[in-house]
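Work through the exercises below with the sequence and the coordinates at hand. Each task is followed by a solution that goes step by step.

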Amino acid sequence: MAAVLDEVGKSTEKLVDEVVIEEDGDAKVENGPSQVPKKRERKKKKKKAGAAEASADIPGDHEEDAKEETAATTVIKAEDDVKKKKKKKGRGGGPKKQTDPPTIPIVKLFPDGNYPIGQEMDYPVDSRTAKDRFTGEEQRALERMYKDTYNEARLAAEAHRQTRQHIQRWVRPGITMIELCEELEKTARALIAEEGLKAGLAFPTGCSRNHCAAHYTPNAGDTTVLQYDDVTKIDFGTHINGRIIDCAWTLSFNPKYDKLIEAVREATNTGIKVAGIDVQLCEVGAAIQEVMESYEVEIDGKIYPVKSIRNLNGHSIAPYRIHAGKTVPIVKGGEATVMEENEFYAIETFGSTGRGVVHDDMEVSHYMKNFDVGYVPLRVQSSKALLNVINNNFGTLAFCKRWLDRLGQTRYQMALKDLCDKGVVEAYPPLCDIKGCYTAQFEHTIVLRPTRKEVISKGDDY
């Protein structure tokens, strides 16, 4: 447009200058040369105004102006749209944030499929372990082969972390144990995106109180209420394609139990620190006991030594198998079996102010199909039907009576007893020390990767 206006102005200026020269011939004589610039100046002003009018009268100029204005407006709008899109992309393009209480499945929080890595730790270096594991190319290559396995376990671990952190904020004295378990299991199922045997809970929620150390979960009709003075072990598991995360902590509201809880937490951390490839399991147990029993606690004016519960152990974990054959003792002695590459372990410790030995007690709630059982002929139709339900919903993972109730099973007691009698299903009764004592538990799942060990279930809470 500017180019068009400039050309019109030049042609008009040329015509006007000629007229000025011709008309001002006498003026030059009468008024002298000094009058000519002033006249020309006035003529030029008239000329410029005329040029503007002439330009306005030229056909097509309005169209050109309109086109240029439209083009400029389009460019501005396009720039605004780009800015808006960038803002929207900035708001929604990043990772999603979890709700409170948590409801968004972990797979949606990490759409790229890369889940948080747990705490990585170097292996203890001695004469039996390679010093160059972390830098060795062979170990790195082997580790890459197991990337999918680690990732599945990390997904299950993140669901476990967010679930337990929610429960730690939510739990309070005065709720029933059934309410506690249902809130925890509802949250875990949502975060793990439960899908049959592909993803879900690995075993029932343990919420053993005080002298009861393990394997208690309320059955239907249990009216037990969580008290301010209770010391409660919260133990639950999640899994993805059978990759189980087994993790537990001790819940207490009264600070007088803090020293007991500290003793067991530190013993667990010691076991994790000592564990490694080629390390003998008995060495782990000895280290745990040394730390555990270095503590003593004062409760209500009385001093108690903290004892490792010698007939409870940690264990190796395999796909769909919570107890995979190797045990990790929490006292000295035991097996000299070594830990190996790519094995998963639950490093769990139990401390007690009682005798340090547990026995079966109270009503059974935990059950699990025998992993090694072969074909067993069943004559009772109800037993066959119940076994079919167990195979389809739990496989070889542990379950409880509440979960059978949830599936709409009725009158399964006799069938369940029949399956236990034939060895198809195993019952796990609650394990208790002497009444009046207090027990505590901490547990983490670790994997012995070729280069480093990873505490997969580690979180900000502990």
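**Exercise 1.** In this predicted model, compare the end-to-end reach of helix H11 with its expected value, and determine which residues of H11 are buried and where they sit around the axis.

*Solution.* Begin with the length: helix H11 runs over residues 381-393, which makes 13 residues. From its first C-alpha to its last, H11 reaches 19 Å, and this is close to the 18 Å expected at 1.5 Å a residue. Next, apply the burial cut-off, under 20% relative accessible area, which gives Ser383, Leu386, Leu387, Val389 and Ile390 as the buried residues of H11. These residues cover an arc of only 155 degrees around the axis, so they are on the same side of H11. Then ask what covers them: the covering elements include strand E13 (366-369), strand E14 (399-400) and strand E15 (425-428), together with helix H12 (401-406) and H13. Finally, look just after H11, where Gly395 takes a positive phi of about 60 degrees.

**Exercise 2.** Locate Asp418, decide whether it is buried or exposed, and list its contacts beyond four places in sequence.

*Solution.* The first step places Asp418 in helix H13, which spans residues 413-421. The second step takes its relative accessible area, 13%, and because the cut-off for burial is under 20%, Asp418 counts as buried. The third step leaves aside the neighbours within four places in sequence, after which Asp418 is found in contact with Leu378, Val380 and Ser383. One of these partners, Ser383, has already appeared among the buried residues of H11, and H13 is among the elements that cover those residues.

**Exercise 3.** Search the whole structure for cavities of 30 Å³ or more, and describe the lining of the largest cavity.

*Solution.* The search finds one cavity of 30 Å³ or more, and the volume of the largest cavity is about 40 Å³. Its lining consists of Arg265, Thr268, Asn269, Phe442, His444, Lys458 and Tyr462. Assigning these residues to elements shows that helix H9 (258-274) and strand E17 (439-448) each give two or more residues to the lining, with H9 providing the largest share, three residues. Sorted by character, the lining divides into two nonpolar, three polar and two charged residues.

**Exercise 4.** Examine the backbone at Pro101, Ala193 and Asp300, and state where each residue lies.

*Solution.* Take the peptide bond first: Asp100 and Pro101 are joined by a cis peptide bond with omega of about 5 degrees, and Pro101 is placed in the loop between helix H4 (61-92) and helix H5 (106-109). Turning to phi, Ala193 has a positive value of about 55 degrees although it is not a glycine; Ala193 is in the loop between helix H8 (177-192) and strand E2 (199-209). With a relative accessibility of 31%, Ala193 counts as partly exposed. Asp300, also a residue other than glycine, has a positive phi near 55 degrees, and Asp300 lies in the loop between strand E6 (296-299) and strand E7 (302-305). Its relative accessibility of 61% makes Asp300 exposed.

**Exercise 5.** Summarise the chain as a whole by its secondary structure, its burial and the sequence separation of its contacts.

*Solution.* Counting elements gives 13 helices and 18 strands. Of the 462 residues of the chain, 45% count as buried. For the contacts, keep those between residues at least 6 apart in sequence; among these, 76% join residues at least 24 apart.

Methods. Residues are numbered from 1 along each chain as its sequence is written. This is a predicted model: local features need pLDDT of at least 70, side-chain atom pairs count only at pLDDT 80 or more; totals for chains, interfaces and linings use all residues. Side-chain values use heavy atoms; hydrogens and water are left out. Buried means under 20% relative accessible area, exposed over 50%, partly exposed in between (1.4 Å probe, protein chains only). Contact means heavy atoms within 4.5 Å. The expected span of a helix is 1.5 Å times one less than its number of residues. The arc is that of the directions from the helix axis to the C-beta atoms. On a 1 Å grid over the protein atoms alone, a cavity is a set of points where a 1.4 Å probe fits but cannot get out, and a pocket is an open set with protein on both sides within 12 Å along at least five of seven lines; lining residues have an atom within 4 Å of a point. Grid points are joined across faces, edges and corners, and a volume is the space filled by probe spheres set on the points. Ala, Val, Leu, Ile, Met, Phe, Trp, Tyr, Cys and Pro count as nonpolar, Asp, Glu, Lys and Arg as charged, and the others, Gly among them, as polar.
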